[in-house]
Structures are given as structure tokens and as C-alpha cells.
Amino acid sequence: MGWRGVVLSLCLLPQGALSDVLTFGIFPSSDPAASVSCRIELRAGQINVVEVRGVGMPPRSPYRWPARRAEEVALLRALQAMISGDLPGVEAYTSRNPAAPYLTIAWSSQVNGQRVTGLYQQAGITLPEVMATLLDTVMPGSGCGAR
């Protein structure tokens, strides 16, 4: 197999699908059992969500469904707020979590062909409006959105 065959075989290998992800961490008290974590991912036209309460294990597989337009818009608006700095991030490796109650939002997206990530933290557990809208749209009734 010549170099053309190698290139062709590499093109046929499965590629990692790009996705947009927001992971919420809600810490209403210093008790780890009271925490809630929610992950929302948009990948290849599908919404994938996972919710974990306390220190338990995540479910075997996330809930998945074809993304509806309102869900895509809500997710992209939330990511836009993070990327633009409307909701300012913190340095992930040197920042310290505030005292409970607090929340964190880790995010990841593709911008201009590059993977970008960030971390948002705030004292208190009242979500910024754009994030509350996202959770109400994609995960209504979740432990993360009920704050």
C-alpha cells in the first residue's frame, strides 16, 4: 500500500466528533452529598445530558435526543456569553472555589477551528439568566435548574 493508500485509510478512520459542552456544578453547602452536577453536550445534531446528585456515579449512559432548534439556540447563547466574557471566566489552575454556596460552569467549544475552554465561578447558586434559560430549555426540572 503506497502513500495514497495510507492517506485514504486515515481518512476512513473514525474522527472525534466536535461538540459544545457546558458542565454545571452546584454546591449549596459544604456537604458533598448536597451537590448536583449537570452536563449538556451538543454533538452531531444530538443533545446529550447527564445529571449526578451528590457524590454518586453518573448513569451508565446519558439521555440523548435530536436537538431541537430552541435547545441549540439556548446552548449557543450560553456559550456565547462565556466566550465573549459577558460571564467572565477564572484561571482554572490557580483559582480557588468560594465558600459554599457557590456554582461553577466549565465549558468547551470550537471557535475559528480551535478548541477553547473556560471556567466560570460565582458565590451563591442563583444562575445567570442565560444559564437558567439553557437549563429550563434543555433540562427542565433538573437539580441544576431548580435553584
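In this predicted model, the side chain of Gln122 sits 2.6 Å from the side chain of Tyr120, forming a polar contact. Let us start from that residue and work outwards.

## Gln122 and its surroundings

Gln122 belongs to strand β6, which covers residues 114-123. Is Gln122 buried or exposed? With a relative accessibility of 16%, Gln122 counts as buried, because the cut-off for buried is under 20% relative accessible area. Besides its link to Tyr120, the Gln122 side chain also reaches a backbone atom: the oxygen of Thr126, at 2.6 Å. If residues up to four places away in sequence are set aside, Gln122 touches Pro98, Tyr102, Leu103 and Pro128.

## The chain as a whole

Now take a step back. The protein chain has 147 residues, and 35% of them count as buried. Its secondary structure consists of three helices and six strands. Reading from the N terminus, the order of these elements is α-β-β-β-β-α-β-β-α. Contacts tell us something about how the chain folds back on itself. Taking the contacts with a separation of 6 or more, 53% are between residues 24 or more positions apart.

## Two helices side by side

Two packed helices are described by the angle between their axes and the distance between the axes. Here the pair to look at is α2 (residues 69-84) and α3 (residues 129-138). Their axes come within 9 Å and cross at roughly 155°. How are α2 and α3 oriented to each other? An angle over 145 degrees counts as roughly antiparallel, so α2 and α3 are roughly antiparallel to each other. The crossing in which α2 passes α3 is left-handed.

Which residues of α2 and α3 meet? On the α2 side they are Ala70, Glu71, Ala74, Leu75, Arg77, Ala78, Ala81 and Met82. On the α3 side they are Val130, Met131, Leu134, Thr137 and Val138. Sorted by class, this contact is made up of 10 nonpolar, one polar and two charged residues.

## Ser35 and Arg53

Another pair worth finding in the structure is Ser35 and Arg53, which are in contact. Ser35 lies in a loop, between β1 (19-27) and β2 (36-43). Arg53, on the other hand, is in strand β3, residues 46-53.

Ser35 has a relative accessible area of 10% and is buried. Its side chain reaches the backbone oxygen of Pro32 at 2.8 Å. Beyond its neighbours within four places in sequence, Ser35 is in contact with Ile26, Phe27, Pro28, Val52, Arg53 and Gly54.

Arg53 has a relative accessibility of 53% and counts as exposed, because exposed means over 50%. The Arg53 side chain makes a polar contact with the side chain of Glu51, at 2.9 Å. Without counting neighbours within four places in sequence, Arg53 is in contact with Ser35, Val36, Ser142 and Gly143. For one of these, Val36, there is also a C-alpha distance: 4.5 Å from Arg53, although the two are 17 residues apart along the chain.

## Some details in the loops

The loops hold a few details of backbone geometry. Ala44 is not a glycine, yet it has a positive phi of about 50°. Its place is the loop between β2 and β3. Asn112 is likewise a residue other than glycine with a positive phi, near 50°, and it sits in the loop between β5 and β6.

What kind of peptide bond joins Ala100 and Pro101? It is a cis bond, with omega about 0°. Pro101 lies in the loop between α2 and β5 (102-111).

Glu91 is also placed in the loop between α2 and β5. The C-alpha atoms of Glu91 and Gly118 are 8.0 Å apart in space, while the residues are 27 apart in sequence.

The table sets out the accessibility of three loop residues.

| Residue | Relative accessible area | Class |
|---|---|---|
| Ala44 | 70% | exposed |
| Asn112 | 77% | exposed |
| Glu91 | 45% | partly exposed |

As you turn the structure, try comparing these loop residues with Gln122, which is buried at 16%, and Ser35, which is buried at 10%.

Conventions: Residues are numbered from 1 along each chain as its sequence is written. This is a predicted model: local features need pLDDT of at least 70, side-chain atom pairs count only at pLDDT 80 or more; totals for chains, interfaces and linings use all residues. Side-chain values use heavy atoms; hydrogens and water are left out. Axes are lines fitted to C-alpha atoms, for helices over the stretch in contact, and angles run from 0 to 180 degrees between N-to-C directions. Helices (H or I, at least four residues) and strands (E, at least two) are DSSP runs, numbered from the N terminus. Angles under 35 degrees count as roughly parallel, over 145 as roughly antiparallel, 65 to 115 as roughly perpendicular and the rest as oblique. A crossing is left-handed if the near helix is turned anticlockwise from the far one by less than a right angle, and right-handed if clockwise. Contact means heavy atoms within 4.5 Å. Ala, Val, Leu, Ile, Met, Phe, Trp, Tyr, Cys and Pro count as nonpolar, Asp, Glu, Lys and Arg as charged, and the others, Gly among them, as polar. Buried means under 20% relative accessible area, exposed over 50%, partly exposed in between (1.4 Å probe, protein chains only). A polar contact is a pair of N or O atoms within 3.5 Å; within protein, one must be able to donate a hydrogen and the other to accept it, and residues adjacent in sequence count only if both atoms are side-chain atoms.
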